[in-house]
Amino acid sequence: MSEIKVLWVDDEIELLKPHIIFLEKKNYSVTKALSGMEALEEIKKQNFDIVFLDENMPGLTGIETLAEIKEYQANLPVVMITKSEEEYIMEEAIGSKIADYLIKPVNPSQILLSLKKNLDHSRLVSQKTTSSYQQEFRKIAMDLSMINSYEEWVEMYQKLVYWELELENIDDSGMFEILESQKNEANIQFCKFIEKNYPDWFNGNEDAPTMSHTLFKKKVLPVIETQKTLFVVIDNLRYDQWKAFEQFLNSSFKKSSEALYYSILPTATQYARNSIFSGLMPSEMEKKHPNYWLNDTDEGGKNMFEKEFLEAQLKRLGKDLNWSYHKITSLKQGKRLSANFKSHKNEDFIALVYNFVDMLSHSKTEMEVIKELASTDKSYRSLTQSWFKNSPLLDIIQQASRLGFKLIITTDHGTINVKNPTKVIGDKNISSNLRYKTGRSLSYEEKDVLVSKNPKNILLPAINMSSSFIFAKGDMFFAYPNRYNHFVSYFKNTYQHGGISMEEVLIPFIVLDPKT
């Protein structure tokens with residue numbers, strides 16, 4: 001490690017000789033300055049890693065010197081040292097973005113701690129995080145071989161996301177690669193679990209998890225019945241993306257509960273989101289609402305009747321509520337709802353579908369700029385975080401808090417970065433999604449897919465008598481043999497949904513209480 005250069009500014013610097021000798025024995029290089037002016041001259045002559053600055057000096061005071069330092073070199077950490085415990089001095093120093101604040105008399109250990117906190121923080125956190133994950137790694141590996149319930153899979157995925165977020169900023173890329181391989185192994189086991197258990201969840205099994213078609217009745221309705229509620233469905237939102245922007249809600253809401261529920265298959269908008277609003281599985285929608293349901297091969301928009309589906313579900317549940325439904329697919333629509341949100345203040349229930357994340361993931365395959373900005377899960381989270389912080393949705397949510405609304409944030413399905421192609425062949429009416437296919441005469445690699453030869457067993461509509469569904473596992477995506485290489489290079493490392501992975505199936509459901 002290169003020598004760390006410290007500038008210590010104090011008009012009684014000779015009294016601090018024992019402290020300086022202590023630091024020099026620890027291999028810190030210390031430059032002394034007797035005044036604010038002398039300190040500024042030193043800073044202009046050489047680069048320092050950190051400054052210790054006395055607050056009470058003749059001539060330029062510590063606060064004035066601090067302002068000059070920040071104007072010249074804004075990112076240089078400055079530790080203020082003072083005899084005074086006056087609150088206004090602390091506030092001024094903190095407002096000027098000091099790195100730390102110490103009260104005299106200081107001892108060498110305090111100085112060393114401040115140095116480590118400000119200069120070695122990233123390295124120490126990185127070492128501690130790496131060490132903690134290494135200890136957890138074996139436990140996760142053992143747990144993966146023993147998981148046998150949908151609750152345990154929720155816990156496992158939450159644990160893996162926790163470590164992904166912890167490790168994303170450390171310098172040890174090798175450790176992150178180990179986590180990635182552990183996530184891949186978890187997805188292999190998760191696909192086996194879904195293949196074995198998914199059909200049983202529709203046979204009147206009371207032990208089935210909360211899923212898309214039961215979400216409203218089991219989770220949303222109990223909240224609405226206690227307090228007026230804003231119900232936000234952010235299309236295509238993964239659990240890790242929720243964790244990335246959760247912090248922006250802390251000033252206006254307090255989290256009441258955080259859970260994950262299971263998306264139905266296919267993990268695609270026309271199936272999962274219609275299922276949320278209707279409270280029905282796709283084959284039931286097709287039967288009960290033939291005017292609203294469209295199959296993959298039918299012409300027209302597949303999510304045009306969410307409001308009507310919700311209206312029918314509320315009627316079926318015997319709920320007479322004052323409510324409204326809104327779908328936002330553009331910045332202009334978002335701003336319009338934000339400007340008019342107060343007009344909904346007396347409603348019991350506001351359902352809001354926000355499509356940004358879905359548009360982002362799809363545009364990633366179309367726009368080179370988005371491909372560059374969201375090439376990894378880390379950058380995809382960062383892009384979502386930046387969007388949310390600056391979106392009309394955040395303003396709408398903050399208004400809801402001030403108006404006394406509870407808040408539910410959820411989604412219809414997640415998404416996964418696809419990396420491995422698998423060949424598929426079908427007739428001309430095969431569906432176009434890259435993560436699931438439905439149609440006749442499907443030919444595929446059996447090890448790469450979950451097959452449903454009788455879709456009615458999992459309450460999916462069959463386009464014709466011999467139609468089946470196949471779902472890509474893990475990070476696979478379907479590619480046609482003709483123009484195979486072009487297809488693979490175009491779609492590899494893009495975000496897709498419709499198949500089976502923890503990222504797509506295990507999705508967030510958050511309830512928050514207004515602080516206002």
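Here are three short exercises on strands and helices, each with a worked solution.

This is a predicted model, where local features need pLDDT of at least 70 and side-chain atom pairs count only at pLDDT 80 or more, while totals for chains, interfaces and linings use all residues. Residues are numbered from 1 along each chain as its sequence is written, and side-chain values use heavy atoms, with hydrogens and water left out.

**Exercise 1. Work out the strand order of the five-stranded open sheet, and find its edges.**

Step 1: Get the vocabulary straight. Helices (H or I, at least four residues) and strands (E, at least two) are DSSP runs, numbered from the N terminus. Two strands pair if DSSP finds at least two bridges between them.

Step 2: Read across the sheet. You get β2-β1-β3-β4-β5, with parallel pairing.

Step 3: Look for strands that pair on one side only: these edge strands are β2 (28–33) and β5 (100–103).

Step 4: Check one pairing. Strand β4 (residues 78–82) runs parallel to β5 and is joined to it by four bridges. Over in β5, D100 is the bridge partner of V79.

**Exercise 2. Describe how helices α14 and α18 cross, and which residues make the contact.**

Step 1: Find the axes, which are lines fitted to C-alpha atoms, for helices over the stretch in contact; angles run from 0 to 180 degrees between N-to-C directions. The axes of α14 (residues 331–340) and α18 (residues 392–402) come within 9 Å and cross at roughly 15°.

Step 2: Name the arrangement. Angles under 35 degrees count as roughly parallel, over 145 as roughly antiparallel, 65 to 115 as roughly perpendicular and the rest as oblique. So α14 is roughly parallel to α18.

Step 3: List the contact (heavy atoms within 4.5 Å). From α14 come L331, G334, K335, L337 and S338, and from α18 come P392, D395, I396 and Q399.

**Exercise 3. Sort out the three-stranded open sheet and the helix packed on it.**

Step 1: Write down the order, β14-β12-β17, and note that the pairing is mixed.

Step 2: Mark the edge strands, β14 (443–444) and β17 (476–479), each pairing on one side only.

Step 3: Follow β12 (residues 420–425), which runs parallel to β17 and is joined to it by four bridges. Here P421 stands opposite F477 in β17.

Step 4: Add the helix. Helix α19 (residues 484–491) packs on this sheet and touches β12 and β17, and its direction makes about 145° with that of β17.
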